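Grab a pencil and work through these short exercises with the structure open beside you. Try each task before you read its solution.

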Amino acid sequence: MLGHTQLRAVEQPPGSITVAERVVAKLASRAALELPGAAAAPRRVLGRATPKASARVEGDVAVIDLELSVRWPASVPRVTADVRRHVRERLTSLTGLTIAEVRIVVTDLATATPSSRVR
């Protein structure tokens with residue numbers, strides 16, 4: 001066929017994205033707070049409480065460590081299982097990483113702050 005140019009797709013080498021461990025940790029911390037039974041461990045960052053998190057990333061696989069509180073009267077096993085599942089799903093969705101493990105330490109029981117009493 002004269003006058004027709006056949007177009008071929010130019011193959012491009014695949015690119016790569018590297019997500020810093022501190023970014024993965026911040027994403028994990030925020031993902032944990034998306035669930036109603038989870039709360040921050042007792043510490044404050046810029047006036048906002050967030051769970052303490054760290055991440056180790058090797059290639060496209062990450063291991064997450066979280067320290068958080070569980071809100072009273074939630075079930076600790078249920079909340080931690082939900083957090084583990086949710087953090088794994090959110091991080092995979094947001095970063096493309098495979099989350100091999102989410103280790104959770106419950107450091108506190110979060111209760112409503114008692115109102116101050118008038119004397």
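**Exercise 1. Check the length of helix α1 against its expected span.**

Step 1: Helix α1 covers residues 21-32, which is 12 residues. (Helices are DSSP runs of H or I with at least four residues, strands are runs of E with at least two, and both are numbered from the N terminus.)
Step 2: The expected span is 1.5 Å times one less than the number of residues, so α1 should span 16 Å.
Step 3: The end C-alpha atoms of α1 are 17 Å apart, which agrees.

A quick note on the source: this is a predicted model, where local features need pLDDT of at least 70 and side-chain atom pairs count only at pLDDT 80 or more, while totals for chains, interfaces and linings use all residues. Residues are numbered from 1 along each chain as its sequence is written, and side-chain values use heavy atoms, leaving out hydrogens and water.

**Exercise 2. Find which residues of α1 are buried, and what they pack against.**

Step 1: Buried means under 20% relative accessible area, exposed over 50%, and partly exposed in between (1.4 Å probe, protein chains only).
Step 2: Val-24, Ala-25, Ala-28, Ser-29, Ala-31 and Ala-32 are the buried ones in α1.
Step 3: Down the axis of α1 they fall within an arc of 165 degrees (taken from the directions from the axis to the C-beta atoms), so they line one face of the helix.
Step 4: Their packing partners are β1 (38-40), β2 (52-58), β3 (61-71) and α2 (76-95).

**Exercise 3. Is Leu-35 buried or exposed?**

Step 1: Leu-35 sits in the loop between α1 and β1.
Step 2: Its relative accessible area is 17%, so Leu-35 is buried.
Step 3: Leaving aside residues up to four places away in sequence, Leu-35 touches Asp-82, Val-83 and His-86 (contact means heavy atoms within 4.5 Å).
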